[in-house]
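User: I would like a close look at a single part of this model. Please take it step by step and keep the sentences short.

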Amino acid sequence: MKQYVVDAFADRVFEGNPAAVCLPETWPSDQQMLAIARENRLPETAFAVRDGKDWRLRWFAPSGEVSLCGHATLAAAYAICRFVSDTQWSPHRSETGQAV
């Protein structure tokens, strides 16, 4: 699984609001995502899994899953657009959270 650390709301490293972005092929278990978030020790870790042309997101803080995280969503969009080839981020269609 690839992982990136992105400083949201900043144009330089070590500024802004940091978030880890993990891009697994399939969903890890909830326990595994929580363990990764705890090891990262960042405010949020976003997990993004491709579903056809769409991406599904979940967010974990070291304390557990959260229902929504703006800066980690921006970080995930940046990582996907910057590092995943043939990807176009569509803010008009995204499914997020535990129900996905």
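Which residues line the largest pocket?

Analyst: The model is predicted. The largest pocket is lined by M1, K2, L23, P24, E25, V49, R50, W55, F83 and V84. Its volume is about 230 Å³. By class, that lining divides into seven nonpolar, no polar and three charged residues.

Start with the charged residue E25. E25 is part of the lining. E25 sits in the loop that runs between β2 and α1, the latter being residues 30-40. Its relative accessibility is 74%, so E25 counts as exposed, the cut-off being over 50%. In space, E25 and A48 are 8.9 Å apart, C-alpha to C-alpha. Along the sequence, 23 residues separate E25 and A48.

Now take F83, another lining residue. F83 also lines the second largest pocket. F83 has a relative accessible area of 37% and is therefore partly exposed. The helix that ends at this residue is α2, residues 70-83.

The second largest pocket deserves its own description. About 170 Å³ of space lies in it. Its lining is Y4, V5, V6, D7, A10, D11, R12, V13, Y78 and F83. Strand β1 gives the largest share of that lining, four residues. Both β1 and α2 supply at least two residues each. The class make-up is seven nonpolar, no polar and three charged.

Next, the aromatic rings. Three aromatic pairs turn up in a search of the whole structure. One of them joins F47 and F60, edge-to-face, with 5.8 Å centre to centre and 90° between the planes. This pair links distant parts of the chain: F47 belongs to strand β3, F60 to strand β4, and their positions lie 13 residues apart in sequence. F47 and F60 are both buried. Y78 and F83 make another pair. Their ring centres are 6.3 Å apart and their planes meet at 85°, so this pair is edge-to-face as well. Y78 has a relative accessible area of 42%, so Y78 is partly exposed. Y78 and F83 also share one aromatic cluster with Y4. Y4, Y78 and F83 are among the residues lining the second largest pocket.

Back to helix α2. Its 14 residues should span 20 Å at 1.5 Å a residue. The C-alpha atoms at its ends are 20 Å apart, so the expected span and the model agree. Within α2, the buried residues are H71, A72, A75, A76, A77, A79 and I80. What covers the buried residues of α2 includes four strands: β1 (2-8), β2 (17-23), β3 (45-51) and β4 (54-61). β1 thus appears in two roles: among the cover of α2, and as a source of lining for the second largest pocket.

Finally, the setting. The protein has two helices and six strands. Along the sequence, the pattern reads β-β-α-β-β-β-α-β. Of the 100 residues in the protein, 40% are buried. Take contacts between residues at least 6 apart in sequence: 52% of them join residues at least 24 apart.

To return to the request: the lining of the largest pocket includes E25 and F83. E25 is exposed, whereas F83 is partly exposed. F83 also pairs with Y78 and lines the second largest pocket.

Conventions
Residues numbered from 1 in each chain as written. Predicted model: local features only at pLDDT ≥ 70, side-chain atom pairs only at ≥ 80, totals over all residues. Heavy atoms only, no water. Expected span 1.5 Å × (residues − 1). Buried < 20%, exposed > 50% of the residue type's maximum accessible area, 1.4 Å probe, protein only. Contact = heavy atoms within 4.5 Å. 1 Å grid on protein atoms, 1.4 Å probe; cavity = no way out; pocket = protein on both sides within 12 Å on 5 of 7 lines; lining within 4 Å. Points joined across faces, edges and corners; volume = space filled by probe spheres on them. Nonpolar A, V, L, I, M, F, W, Y, C, P; charged D, E, K, R; others polar. Phe/Tyr/Trp six-rings, centres within 6.5 Å; stacked < 30°, edge-to-face > 60°.
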